[in-house]
Amino acid sequence: MADDELEAIRRQRMAELQAKHGDASNNQQQGEEAKQREHDMRNSILAQVLDQSARARLSNLALVKPEKAKAVENYLIQMARYGSLGGKISETGLIEILEKVRGQTEKMTTVKFDRRRVMDSDDDEDDY
């Protein structure tokens, strides 16, 4: 009788683990699909907002500085959602936007010298 109960518990536990594993892979697949939909939506908005030369420049920027390209994309998408864009942005317009973003994200580098005080060599000569 104990063996039958033990076998039933094992089967129940195995079914729970399989269901849990199936849900985890299902959630992962849904997450990937959501990322793909978001990526497609971003691309379609950018295709409507940018002309071909500006789009090429943004793609080149994404290869070199992906975080900066992402910031510019977010800025353009936000402008498109609020309707503040008059039409398609040309390459020169994109360059102006890049300069604005650069001004906002530019890091100020400061150098501070901390000179240590060392006893002068003249003091050594006076002691003799």
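Let's start in the middle of the chain: helix H3 buries Lys-68, Ala-69, Val-72, Glu-73, Leu-76, Ile-77 and Met-79. Buried here means under 20% relative accessible area, exposed means over 50%, and partly exposed is what falls in between (1.4 Å probe, protein chains only). The helices themselves (H or I, at least four residues) and strands (E, at least two) are DSSP runs, numbered from the N terminus.

A quick word on what you're looking at: this is a predicted model, where local features need pLDDT of at least 70 and side-chain atom pairs count only at pLDDT 80 or more, while totals for chains, interfaces and linings use all residues. Residues are numbered from 1 along each chain as its sequence is written, and side-chain values use heavy atoms, with hydrogens and water left out.

Stepping back to the whole protein chain, there are five helices and zero strands, so reading from the N terminus gives α-α-α-α-α. Of its 128 residues, 16% count as buried.

Back to H3, which covers residues 66-82. Does its length add up, and what span should we expect from 17 residues? At 1.5 Å a residue they should span 24 Å, and the end C-alpha atoms are 24 Å apart, which agrees. The expected span is 1.5 Å times one less than the number of residues. Just after H3, Gly-83 takes a positive phi of about 75°.Which helix does H3 pair up with through Glu-73 and Arg-42? Glu-73 lies in helix H3 and Arg-42 in helix H1, so the pair ties together parts that are 31 residues apart in sequence. The contact is a salt bridge, with the closest N and O atoms 3.1 Å apart. By salt bridge we mean a side-chain nitrogen of Lys or Arg within 4 Å of a carboxyl oxygen of Asp or Glu. Side chains of opposite charge can pair when their charged atoms come close. Both partners, Glu-73 and Arg-42, are buried; for Arg-42 the relative accessibility is 11%. Arg-42 also sits 8.8 Å from Asn-74, C-alpha to C-alpha, although 32 residues separate the two in sequence.

Further along H3 you'll find Ala-80, which is partly exposed at a relative accessible area of 29%. Ala-80 and Leu-46 are 34 residues apart in sequence, yet their C-alpha atoms are 8.9 Å apart in space.

How many salt bridges does a search of the whole structure find? The count is three. Besides the Glu-73 and Arg-42 pair, there is one between the side chains of Arg-13 and Glu-16, at 3.5 Å from N to O. These two are three residues apart in helix H1, which means about one helical turn separates them. Arg-13 is partly exposed with a relative accessible area of 48%, and Glu-16 is partly exposed too, at 41%.

Then there's the bridge where the side chains of Glu-91 and Arg-57 meet, 2.8 Å from N to O. This pair links distant parts of the chain, with Glu-91 in helix H4 (residues 91-105) and Arg-57 in helix H2, 34 residues apart. Are these two side chains buried or partly exposed? Glu-91 counts as partly exposed at 28% relative accessibility, and Arg-57 is partly exposed with a relative accessible area of 34%.

Now look at the loop between H1 and helix H2 (52-64), where Asp-51 is found. Asp-51 is partly exposed, at a relative accessible area of 23%. From Asp-51 to Ser-90 is 39 residues in sequence but 5.6 Å in space, C-alpha to C-alpha.

Finally, head to the start of the chain, where Asp-3, Asp-4, Glu-5 and Glu-7 form a negative surface patch. Patches are made of residues with over 30% relative accessible area and no salt bridge; like charges are joined within 9 Å, and nonpolar side chains (Val, Leu, Ile, Met, Phe, Trp, Tyr) within 5 Å. Lys and Arg count as positive and Asp and Glu as negative, with His and the chain ends not counted. Each charge is placed at NZ of Lys, CZ of Arg, CG of Asp or CD of Glu, and accessible areas come from the Shrake-Rupley method with a 1.4 Å probe, where for residues only the protein chains shown count as cover. One of the patch members, Glu-5, lies in helix H1 (residues 2-49) and is partly exposed, with a relative accessible area of 47%.
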